[in-house]
There are 2 protein chains.
Amino acid sequence: MRIITVSREFGSGGRELGKRMAEHLGFDYYDREIITTIAQRCKVSEDYAEYLLNNRFPSTSPIVISQSFQLPEVMHSAQLDLLKEQTRVIKEIAKSGRNCVIVGRNADLLLEEEAPFNIFVCADTASKIKRCQERAQNGEDVSEKKILSNIKLIDKNRRRTREMISDSPWGSREAYNLIVNTTGWDIKKLAPYVAGFAVEWFEENGK
Amino acid sequence: MRIITVSREFGSGGRELGKRMAEHLGFDYYDREIITTIAQRCKVSEDYAEYLLNNRFPSTSPIVISQSFQLPEVMHSAQLDLLKEQTRVIKEIAKSGRNCVIVGRNADLLLEEEAPFNIFVCADTASKIKRCQERAQNGEDVSEKKILSNIKLIDKNRRRTREMISDSPWGSREAYNLIVNTTGWDIKKLAPYVAGFAVEWFEENGK
């Protein structure tokens, strides 16, 4: 079984790269599907599940998600439940024995025993801003300031979420098989190269 | 003109990867040749040139290279001369207009204006130790302890040498187009993939 995991900086095109690689290789593709399953099983909305899985709160601070939530203990326990369910869902994907690409959710750490091919995707700031502006939906604030603040916040949460479950630092070379900087690339053209790279590595390692 | 630069952790196989890529692509290859030229022009031995270029000393500390050297000011000036010559030699390589692969010597920074394809090569510690042991020459100390100490020292010097001329951190993802972890790879099989990757990037960027 061949598993490719894709971790990425916000706005770097990592999700598109993962999706195109899966298409190119005929692999299953997991991304949003994981949140959907977790939310169904934990009987919460997808947005709520995603919010709790993507944000870390220091347990001593008061927590306000919206006007209606102000219960740190409940929050903490809900987060733990979601994290456990996330681990379960990702391990089930691996148990299916089917080749797949999984984007995000620290799948590289959770599936370490399966020896996946782990990719990290990054890009320079100008490219990330451009990408976010091109993909923005109507009415979205696409000022440079807003996008930069999103990049900072989302990547900080990704880093902290990873560092909750591992000493292996987010985006640091020792944790990945390949780090791809998408600056100057058309992701459509990049995908087959990265996919071929991963396939050759699987061959080399008898998978 | 297409320039590929290869920076690398000691023992990761970066030099072999660079050499094989150059062979595969029919590009010129520069590595040791740079030191040879600098040494000739500055009228010093290659070993001495290499030593001074690869080691940084805090200017306030006393410096002892061998029993016969103890003159920090002279050292400092000799280092500066060698560094300037190194910059000159590397820029001359670019001026020749020929496609090439350059290993080490911060060529990625020195040739920034030429928009080279910059690769960083790393590997896990076990692979680096194995590689060093396999390639050791007769009589060399190949104990794990000695190799680990070499890795630490040489990589520290590479980091410091880079950080003398740039804020861009050594081995950190934002500074490179591709970071390749050679763990689990036969470099011979890896080289054509990385080379193809670089060529496609040059095509994409009109070079």
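In strand β5(B), B:Leu178 is the bridge partner of A:Val180. That pair belongs to an antiparallel pairing of β5(A) with β5 (residues 178-181) of chain B, made over three bridges. Two strands count as paired if DSSP finds at least two bridges between them.

This is a predicted model: local features need pLDDT of at least 70, side-chain atom pairs count only at pLDDT 80 or more, and totals for chains, interfaces and linings use all residues. Residues are numbered from 1 along each chain as its sequence is written, chains are lettered from A and ligands numbered from 1 in the order written, and side-chain values use heavy atoms, with hydrogens and water left out.

**Chain A fold**

Chain A has eight helices and five strands. Helices (H or I, at least four residues) and strands (E, at least two) are DSSP runs, numbered from the N terminus. Along the sequence the pattern reads β-α-β-α-α-α-β-α-β-α-α-β-α. Of the 207 residues of chain A, 47% count as buried. Buried means under 20% relative accessible area, exposed over 50%, and partly exposed in between (1.4 Å probe, protein chains only). Contacts are heavy atoms within 4.5 Å. Among contacts in chain A between residues at least 6 apart in sequence, 71% join residues at least 24 apart.

**Strands β1, β4 and β5**

Strand β4 (residues 117-122) of chain A has parallel partners. Five bridges join β1 (residues 3-8) of chain A to β4(A), in parallel. Four bridges join β4(A) to β5(A), also running parallel. A:Ile119 appears in both pairings: A:Val6 stands opposite A:Ile119, and A:Leu178 in β5(A) is a bridge partner of A:Ile119. A:Phe120 is matched with A:Ile179 of β5(A).

Six of the six residues of β4(A) are buried. A:Phe117, A:Ile119 and A:Val121 lie on one side, A:Asn118, A:Phe120 and A:Cys122 on the other. In β5(A) (residues 178-181), A:Leu178 and A:Val180 point one way and A:Ile179 and A:Asn181 the other; all are buried.

**The interface**

How many residues of chain B are in contact with chain A? The count is 27 residues of chain B against 27 of chain A. The two chains bury about 2300 Å² between them, 53% of it on carbon and sulfur atoms. Buried area is the accessible area (1.4 Å probe) that two parts lose on being put together, summed over both. B:Arg173, B:Trp185 and B:Phe197 supply 31% of the area that chain B buries against chain A, more than any other three residues.

Four salt bridges cross the interface. A salt bridge is a side-chain nitrogen of Lys or Arg within 4 Å of a carboxyl oxygen of Asp or Glu. The interface also holds 19 residue pairs in polar contact, both at pLDDT 80 or more. A polar contact is a pair of N or O atoms within 3.5 Å; within protein, one must be able to donate a hydrogen and the other to accept it, and residues adjacent in sequence count only if both atoms are side-chain atoms. On the side of chain B that touches chain A, β4 (117-122), β5 and α8 (187-204) of chain B each give two or more residues. Helix α8(B) gives the most, with nine residues.

B:Thr183 lies in the loop between β5 and α8 of chain B. Its side chain makes a polar contact with that of B:Asn181 (2.7 Å). B:Thr183 touches A:Trp201, B:Ala123, B:Asp124 and B:Ser127, not counting residues up to four places away in sequence.

**Salt bridges**

Over all chains the count comes to 34 salt bridges. Among them are these four.

| Pair | Closest N to O |
|---|---|
| B:Lys189 and A:Glu204 | 3.2 Å |
| A:Lys128 and A:Glu9 | 2.7 Å |
| A:Arg32 and A:Glu50 | 2.6 Å |
| A:Arg41 and A:Glu85 | 2.9 Å |

A:Lys128, in α6 (residues 125-135) of chain A, and A:Glu9, in the loop between β1 and α1 (14-25) of chain A, are 119 residues apart. Both A:Lys128 and A:Glu9 are buried.

A:Arg32 sits in α2 (residues 32-42) of chain A and A:Glu50 in α3 (residues 46-54) of chain A, so the pair ties together parts 18 residues apart in sequence. A:Arg32 is partly exposed at 31% relative accessible area, and A:Glu50 is partly exposed at 22%.

A:Arg41 in α2 of chain A and A:Glu85 in α4 (residues 72-95) of chain A tie together parts 44 residues apart in sequence. A:Arg41 is partly exposed at 37%, whereas A:Glu85 is buried at 8%. Salt bridges that share partners also join A:Glu16, A:Arg20, A:Arg131 and A:Arg135 into one network.
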